[in-house]
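Reader: Hey, I'm new to this one. Can you pull it up and walk me through it?

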Amino acid sequence: MTELTLPENPFRQGIDLRRVPEPSTLVIFGATGDLSRRKLLPSLFMMHKQGALPSGFSIVGFGRRPWSDADFRAFVKESLDDSPGQQPTRDVWSGFEQMLFFARGEFDEPEAYGGLAARLAEVDRQRARTGNRLFYLAVPPSGYPLVIEGVGRAGLGDRRGGPDIARFDAAESNSPARVLTEAGWARIVVEKPFGHDSPSATELNRQLQAWFREDQIFRIDHYLGKETVQNILVFRLANGIFEPVWNRNTVDHVQITVAEDLGVGTRGPYFEETGTLRDMVQNHVLQLLALVAMEPPTSFAASAVRDERAKVLGAIKPLVGKAVDSDVVRGQYKSGFIAGDPVPGYREEPGVSAESQTETFVALKVFVDSWRWAGVPFYLRAGKRMPRRATEIAIQFKRPPLLLFGDDPAREPEPNVLAMNIQPDEGITLKVGSKLPGPTIDIHSVHMDFRYGTSFGRRSPEAYERLLLDSLLGDATLFSREDSVQEAWRFVDPIEERWRERGAAPMAFYEAGAWGPKEAANLIAREHWAWRRL
Ligand SMILES: NC(=O)c1ccc[n+]([C@@H]2O[C@H](COP(=O)([O-])OP(=O)(O)OC[C@H]3O[C@@H](n4cnc5c(N)ncnc54)[C@H](OP(=O)(O)O)[C@@H]3O)[C@@H](O)[C@H]2O)c1
């Protein structure tokens with residue numbers, strides 16, 4: 001290998017060397033879209049501000065607008081200015097600005113990918129000189145096959161056959177900067193939704209695997225990048241007291257809620273084709289369930305963690321035919337009030353049919369067929385236009401075996417609940433019974449609280465910051481593997497099929513601003529429990 005010298009050492013003081021990626025170029029397809037503007041660009045800027053990006057790092061926006069680099073830079077600056085708490089100072093912005101480039105093209109224009117390849121080579125010569133590339137598909141799902149094919153045909157996916165470009169050797173980072181010539185890596189990040197059912201997910205995997213190996217593919221579910229979600233496993237496995245009670249012997253049931261106060265907004269046409277089951281349950285809710293219910297992995301290596309996640313998703317008992325009628329509630333919001341303001345019903349939203357049968361709310365009762373969880377119901381609910389935005393996992397434990405405090409219900413202890421708040425206030429609460437001060441034994445519930453915001457005195461990184469960093473590092477632990485995606489569709493498909501068979505019959509309506517329809521309350525009331533008030 002030929003040795004070259006880099007202008008500066010990309011590793012700076014005060015940064016954990018193990019978590020600094022190699023110099024590389026990120027290509028954002030759909031760089032002018034909502035996801036890019038609200039999430040990706042602000043996250044990248046924050047990473048830059050904190051020194052988490054290597055020097056020589058570049059961002060190439062790919063889009064159909066007739067823009068120059070300067071236009072793209074102005075767009076990024078405007079996006080950051082609109083982003084709360086992100087207004088860049090002149091110094092930090094000028095460093096970030098130099099990373100930004102634009103390549104013009106339509107997704108279905110084959111020559112655009114040749115142009116992109118040329119632009120990448122040029123940017124690479126100026127900056128990273130590594131050939132490392134991360135392609136991010138921030139595009140509508142209909143664009144995935146076009147972009148995957150375009151990137152593949154332009155030879156951008158297979159870096160083994162790529163040009164001889166310099167790669168920085170991290171092992172040499174303490175000696176004068178050195179680079180070794182070699183083709184760099186290529187990875188691709190695919191946004192959700194990953195297909196709309198099992199056959200379409202299989203087809204999307206086939207398209208990806210025609211050009212990329214599985215270890216180059218990063219299927220994103222941004223919930224997995226949230227601190228509290230990552231903390232589920234740490235909490236379970238780094239504390240000796242929890243894992244022994246994490247099973248059917250002590251757990252009565254589990255509740256998982258993913259509630260949004262927003263309606264569909266401008267995304268009516270997209271949502272009409274999707275619905276809450278596919279949009280929220282197939283990915284976020286089932287991934288949360290997997291982290292709660294999975295067996296401890298043998299290590300924290302990506303493959304070990306992903307094996308266990310896939311196994312537990314495969315163990316969810318399918319709901320088929322009449323079981324769907326009894327254990328799944330399908331709801332849609334009507335007009336109502338959110339925080340005192342009137343809001344329209346789903347069928348009055350722009351781009352939504354006046355007879356729409358698309359669900360904006362789902363509640364389910366599911367079981368995990370495993371030794372650990374046999375007989376323990378998992379109640380799942382997700383919905384739009386609920387009273388507030390809240391994502392929570394609650395483990396409700398069984399009552400003590402003997403009630404020693406008399407027949408008076410006031411003296412009966414409430415069950416212990418361990419609640420993990422994923423958003424908006426990331427933290428963990430344990431509800432325990434305690435004696436009320438005084439001469440009698442009256443039991444009241446008190447909360448032992450841990451809040452991320454106050455306990456560590458530092459902000460939690462945005463999920464996208466973590467996931468972008470991991471994909472640049474090649475760490476796939478927090479991304480979905482092909483088998484997990486397939487297992488999730490295996491669960492969802494028969495529910496969709498049953499709904500199609502039954503047409504409009506099972507729709508349950510709720511007023512905007514309520515915690516879902518009464519049928520959802522009835523689902524859990526069958527076991528004499530109630531959904532948690534969040
Ligand atoms: N937005 C979110 O918060 C969010 C959250 C989770 C997942 N996602 C997923 O992320 C992906 C992108 O969502 P989004 O909300 O950012 O969508 P979006 O706002 O509609 O943006 C789509 C982007 O693709 C570009 N585009 C569309 N057709 C094109 C074509 N034929 N040639 C070139 N460029 C084209 C658009 O360019 P123009 O600007 O020129 O139209 C725009 O940059 C979707 O898969 C979505 O499901 C989004």
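Reader: Is Glu487 buried, exposed or partly exposed?

Author: This is a predicted model, and in it Glu487 is partly exposed, with 23% relative accessibility.

Reader: Which residue does Glu487 form a salt bridge with?

Author: With Arg490, and the closest N and O atoms are 2.7 Å apart. Arg490 counts as partly exposed too, because its relative accessibility is 30%.

Reader: How far apart are those two along the helix?

Author: Three residues, which puts about one helical turn between Arg490 and Glu487 in helix α14, residues 482-502.

Reader: Why would side chains like that pair up?

Author: Opposite charges can do that when the charged atoms come close.

Reader: Which residues do shared salt bridges join into one network?

Author: Arg236, Glu243, Glu295 and Arg372.

Reader: And how many salt bridges turn up in the whole structure?

Author: The search finds 31. One of them is in helix α10, residues 302-314, where Glu308 and Lys311 sit three residues apart, about one turn. The closest N and O atoms of that pair are 3.1 Å apart.

Reader: Buried or exposed, what's the story for Glu308 and for Lys311?

Author: Glu308 counts as buried because its relative accessibility is 11%. Lys311 is exposed, at 54%.

Reader: What about Glu214, what does it bridge to?

Author: Glu214 forms a salt bridge with Arg219, with 2.8 Å between the closest N and O atoms. Arg219 is buried, at 2% relative accessibility, while Glu214 is partly exposed at 25%.

Reader: OK, switching to the ligand. Which residues come nearest to the ligand?

Author: There are 20 residues around it, and Thr32, Asp34, Arg38, Arg64 and Arg65 come nearest.

Reader: What kinds of residues make up that shell?

Author: Nine are nonpolar, four polar and seven charged.

Reader: Which element gives the largest share?

Author: Helix α1, residues 34-49, which supplies three residues of the shell.

Reader: Where do polar atoms of Leu35, Glu106 and Phe107 sit relative to the ligand?

Author: For Leu35, a polar backbone atom is 2.8 Å from a ligand oxygen. Phe107 also uses a polar backbone atom, 3.0 Å from a nitrogen of the ligand. With Glu106, an N or O atom of the side chain is 3.4 Å from a ligand nitrogen.

Reader: How much of the ligand does the protein bury?

Author: The protein buries 78% of the 890 Å² that the ligand exposes when taken alone.

Technical notes. Residues numbered from 1 in each chain as written. Predicted model: local features only at pLDDT ≥ 70, side-chain atom pairs only at ≥ 80, totals over all residues. Heavy atoms only, no water. Salt bridge = Lys/Arg side-chain N within 4 Å of Asp/Glu carboxyl O. Buried < 20%, exposed > 50% of the residue type's maximum accessible area, 1.4 Å probe, protein only. Helix = DSSP H or I, 4+ residues; strand = E, 2+ residues; numbered from the N terminus. Near = heavy atom within 4 Å. Polar contact = N/O pair within 3.5 Å; in protein donor to acceptor, adjacent residues only side chain to side chain. Areas by Shrake-Rupley, 256 points an atom, 1.4 Å probe, with all protein chains shown as cover. Nonpolar A, V, L, I, M, F, W, Y, C, P; charged D, E, K, R; others polar.
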